[in-house]
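Trainee: Got a minute to go through this one with me? I'd like to start with how the pieces are named.

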Amino acid sequence: SYFATMEGVYAPFLKQIIAKSYGGNNWVIKHCKPFSEDEKIGLALMMAIQMLRTKSQREEIGEMIAKTYQTLAYKMQMNDENALPKEAFEVEVNKDFVKLQHSAMFMDAEHILGIAEALLNHIWVMRVNKTTTPFYTSDNPIIRIPHKHDKFMSHSGLSSDGIEIAFPISPNLIVVLYERKWFSQYHGDLTFEIITSDKEVDYYNHGQVVHSYRCVYSQRDNF
């Protein structure tokens, strides 16, 4: 289900956003905005919460804690003549401790607002899928696609140059956020865009498969 991880107030809110597009009606696309500024803020908050609550986020927290303790253990003995290399220190983080840190992050209103503000700085577009191939979604549905690449940085942060953030909300609608400096000449804020190419749909569906934790969902059994 597209709303499996968006229970409570957010499922009706998403359904309201979807209904406003009238299934990608051509007149609506030409004359209307996909959502108001208030709805955009609501979506940003919803996306921030969704990103924090995923299992992959919890795994990232665990890896970060483990690497931090590994580095600390290494540095505490690095001046010793018998010092061991960093790889010699194996750290295993208690799962309950990770869950506690994850829960604390989820309850941190300032952290949620910080993520939402980063999202709101981007160009917001509703892309309408006019092909016969539906959008997939997954248990980690908000994906980041970096367009800037170099040897030293991943450029996959929420505010990175050239970042594209995509969130499918129905089989034929996907909310896409584009970093302003990189994409301003290609996309307009609060606009609809039509997708007529299966390759473009596959581009987003591939991202869902790659970034999923365990499950990918489709309206059809066409994986």
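Mentor: Sure. Helices and strands are DSSP runs counted from the N terminus, where a helix is H or I over at least four residues and a strand is E over at least two. Keep in mind that the model is predicted: local features need pLDDT of at least 70, side-chain atom pairs count only at pLDDT 80 or more, and totals for chains, interfaces and linings use all residues. Residue numbers start from 1 along each chain as its sequence is written, and side-chain values use heavy atoms, with hydrogens and water left out.

Trainee: OK. Where does Lys-40 lie?

Mentor: In helix 3, which covers residues 37-53.

Trainee: And is Lys-40 buried or exposed?

Mentor: Lys-40 has a relative accessible area of 4%, so it's buried. The cut-offs are under 20% for buried, over 50% for exposed and partly exposed in between, with a 1.4 Å probe and protein chains only.

Trainee: Which side chain does the Lys-40 side chain make a polar contact with?

Mentor: That of Asp-189, at 3.1 Å. A polar contact here is a pair of N or O atoms within 3.5 Å; within protein one has to be able to donate a hydrogen and the other to accept it, and residues adjacent in sequence count only if both atoms are side-chain atoms. Skipping neighbours within four places in sequence, Lys-40 is also in contact with residues including Phe-35, Trp-124 and Arg-180. Contact means heavy atoms within 4.5 Å.

Trainee: Switching to the sheet. What's the strand order?

Mentor: It's an open sheet of five strands, ordered 3-4-5-1-6 with mixed pairing. Strand 3 (143-146) and strand 6 (191-195) are the edges, each pairing on one side only. Two strands pair if DSSP finds at least two bridges between them. Neighbouring strands are turned by 30° against each other on average, ignoring direction.

Trainee: Which helix packs on the sheet, touching strand 1, strand 4 and strand 5?

Mentor: Helix 1 (residues 10-20), and its direction makes about 95° with that of strand 4 (163-170). Helix 8 (residues 198-211) packs on the sheet too, touching strands 1, 3, 4, 5 and 6, at about 115° to strand 3. For those angles, axes are lines fitted to C-alpha atoms, for helices over the stretch in contact, and values run from 0 to 180 degrees between N-to-C directions.

Trainee: How many residues of strand 5 are buried?

Mentor: Six of the six, so strand 5 is largely enclosed by the rest of the structure. Leu-173, Val-175 and Leu-177 point one way, while Ile-174, Val-176 and Tyr-178 point the other. In a regular strand, side chains alternate between the two faces of the sheet.

Trainee: What stands opposite Leu-177 in strand 5?

Mentor: Trp-124 does, and so does Ile-165. Strand 5 (residues 173-178) pairs antiparallel with strand 1 (residues 123-129) over six bridges. Strand 4 also pairs with strand 5 in the antiparallel sense over six bridges, and a hairpin of two residues joins them.

Trainee: And which residue is the bridge partner of Arg-144 in strand 4?

Mentor: Ile-165 again. Strand 3 and strand 4 run antiparallel, joined by four bridges. Strand 4 is mostly covered, with eight of its eight residues buried.

Trainee: How many residues does the largest nonpolar core have?

Mentor: It has 34, and Ile-165, Trp-124 and Met-47 are among those with the most contacts inside it. A nonpolar core is a set of buried Ala, Val, Leu, Ile, Met, Phe, Trp, Tyr and Cys residues joined through side-chain atoms within 4.5 Å.

Trainee: Which helix gives the most to this core?

Mentor: Helix 3, with eight residues. Another core lies apart from it, with 13 residues, among them Val-125, Ile-145, Ile-174 and Val-176.

Trainee: Last topic: how many aromatic pairs?

Mentor: Four. Rings of Phe, Tyr and Trp (its six-membered ring) pair if their centres lie within 6.5 Å; planes under 30 degrees apart are stacked, over 60 edge-to-face, the rest tilted. Phe-135 and Tyr-204 form an edge-to-face pair, 6.3 Å centre to centre with 80° between the planes. That pair links distant parts of the chain, 69 residues apart: Phe-135 is in the loop between strand 1 and strand 2 (137-138), Tyr-204 in helix 8. Phe-135 is buried at 0% relative accessibility, and Tyr-204 is buried at 2%. Together with Tyr-203, Phe-135 and Tyr-204 form one aromatic cluster.
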